[in-house]
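Here are a few exercises to work through with the model open beside you. Try each task before reading its solution.

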Amino acid sequence: MTKNIAFIGLGNMGSGMAKNLVKNGFSVLAFDLSNEAMVMAKENGCELAESAKQAVERCDAVVTMLPAGKHVKSIYEGTVLPNAKTGTLILDCSTIDVATAKDVGGMAKAQGLLMVDAPVSGGTKAAGDGTLTFMVGGESAAFEQAEKVLSAMGKKIIHAGECGAGQSAKICNNMLLGASMIATCEAFQLAEKLNLDPQVFFDIASNASGQTWSMTSYCPVKGVGPVSPADNDFAGGFAAALMLKDLTLAMQGAESVGAKVPMGERAAELYRDYCEKAQENGGLDFSSIIKTL
């Protein structure tokens, strides 16, 4: 079983994920361009690598958690693939475009490497708690090995299909989430203007046909439902800028296959307008879009 893992990309999500690998008995050799991230990784029990190249060379599995497809392709072409030993297990947990995921996966396979694309759902809290959901694309043999590693960082590991399927599942899920959050915000705002108490509306809709996760688990109204970012002035949670990124990826995916997604398109437009309206909006939780309605 894989025990030595190179972890590249220790941001808000990667930091918690690497910590849970250590907690569950893996030896983690970590690397990030941020000194602050490296310090935290050491505090979480990781060994620090001098470079991404050193981390890859010394380990029999590699986990990457990077911002975008261009970063993934760059580090895989320049560092990961040229330095990984034959048979190395590679898990890219970044959320990127489907085309890049398939491209990188094909290159890895050609080199005799086992690779999966395994984007996550759950946010920073789930990353820290080890309760993420992983949507995994890749061949069955790769998934079987990857599942053992992913289980140390998440509570639900789902094999979505061949290479790229994990990214497809992620962008479809988040397109649905973005659109449903906007609809939930609209409903609460309309209820308020119709003089319906928000708690009363929550009690009714959360037990009726209008129930959604955006309402019952992540209510955008302060003091209503379980504790959510709305109760903390929309700090923390899943940033609006990240929702915009995922909606943009979903629109690219839809265009590539000729799919009609009018609700997704409108959600992307609204989040783009919101993030461009004020710089600080992008850093707030995506449910903060209720402030624009």
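**Exercise 1. Two annotated domains**

Task: Find which residues UniProt assigns to the "3-hydroxyisobutyrate dehydrogenase-like NAD-binding" domain, and work out the helix and strand content of that stretch in this predicted model.

Solution: Start with the record. The unreviewed UniProt entry places this domain at residues 164-292. Next, turn to the secondary structure: residues 164-292 are 58% helix and 0% strand. Finally, look at the two ends, whose C-alpha atoms lie 35 Å apart.

Now repeat the steps for the other annotation. UniProt, again in an unreviewed entry, lists "6-phosphogluconate dehydrogenase NADP-binding" at residues 4-161. Here the chain is 47% helix and 25% strand, with the end C-alpha atoms 26 Å apart.

**Exercise 2. α8 against α11**

Task: Determine at what angle helices α8 and α11 pack, and which residues make the contact.

Solution: First locate the helices: α8 spans residues 165-193 and α11 spans residues 240-257. Their axes are 9 Å apart and meet at an angle of about 120°. The pair is therefore classed as oblique, and the crossing is left-handed. Then list the partners. From α8 come K170, I171, N174, M175, L177 and G178, and from α11 come M243, D246, L247, L249, A250 and M251. Sorting these residues by character gives eight nonpolar, two polar and two charged.

**Exercise 3. α11 against α12**

Task: Follow α11 to its contact with α12, and find the handedness of the crossing.

Solution: Helix α12 covers residues 262-277, and it packs against α11 at about 145° with the axes 9 Å apart. The crossing is left-handed. On the α11 side, the contact uses A240, A241, M243, L244, L247, T248 and M251. On the α12 side are G264, E265, A267, A268, Y271, R272, Y274 and C275. By type, the residues of this contact are 11 nonpolar, two polar and two charged.

**Exercise 4. α8 against α9**

Task: Establish how α8 and α9 are oriented, and how many residues of their contact are nonpolar, polar or charged.

Solution: Helix α9 runs over residues 198-205, and its axis is 9 Å from that of α8, at an angle of about 130°. That value makes the two helices oblique to each other. This time the crossing is right-handed. A187, F188 and A191 of α8 meet P198, F201 and F202 of α9. The tally is six nonpolar, no polar and no charged.

**Exercise 5. A residue inside α8**

Task: Decide whether T184 is buried or exposed, and name its contacts beyond four places in sequence.

Solution: T184 belongs to helix α8. Its relative accessible area is 5%, so T184 is buried, the cut-off being under 20%. With neighbours within four places set aside, T184 contacts T212, S214, M215 and P220.

**Exercise 6. Two positive phi values**

Task: Inspect D233 and F234, and compare their backbone angle phi with their exposure.

Solution: Begin with what to expect: most residues other than glycine have a negative phi. D233 has a positive phi near 55°, and F234 has a positive phi near 65°. D233 sits in the loop between α10 (213-216) and α11, and F234 is found in the loop between α10 and α11 too. Then check accessibility. D233, at 62%, counts as exposed, while F234, at 10%, is buried.

Definitions and conventions:
Residues numbered from 1 in each chain as written. Predicted model: local features only at pLDDT ≥ 70, side-chain atom pairs only at ≥ 80, totals over all residues. Heavy atoms only, no water. UniProt positions renumbered as here; feature names shortened; annotations may be inferred. Helix = DSSP H or I, 4+ residues; strand = E, 2+ residues; numbered from the N terminus. Axes fitted to C-alpha atoms, helices over the stretch in contact; angles between N-to-C directions. Parallel < 35°, antiparallel > 145°, perpendicular 65-115°, else oblique. Left-handed = near helix turned anticlockwise from the far one by under 90°. Contact = heavy atoms within 4.5 Å. Nonpolar A, V, L, I, M, F, W, Y, C, P; charged D, E, K, R; others polar. Buried < 20%, exposed > 50% of the residue type's maximum accessible area, 1.4 Å probe, protein only.
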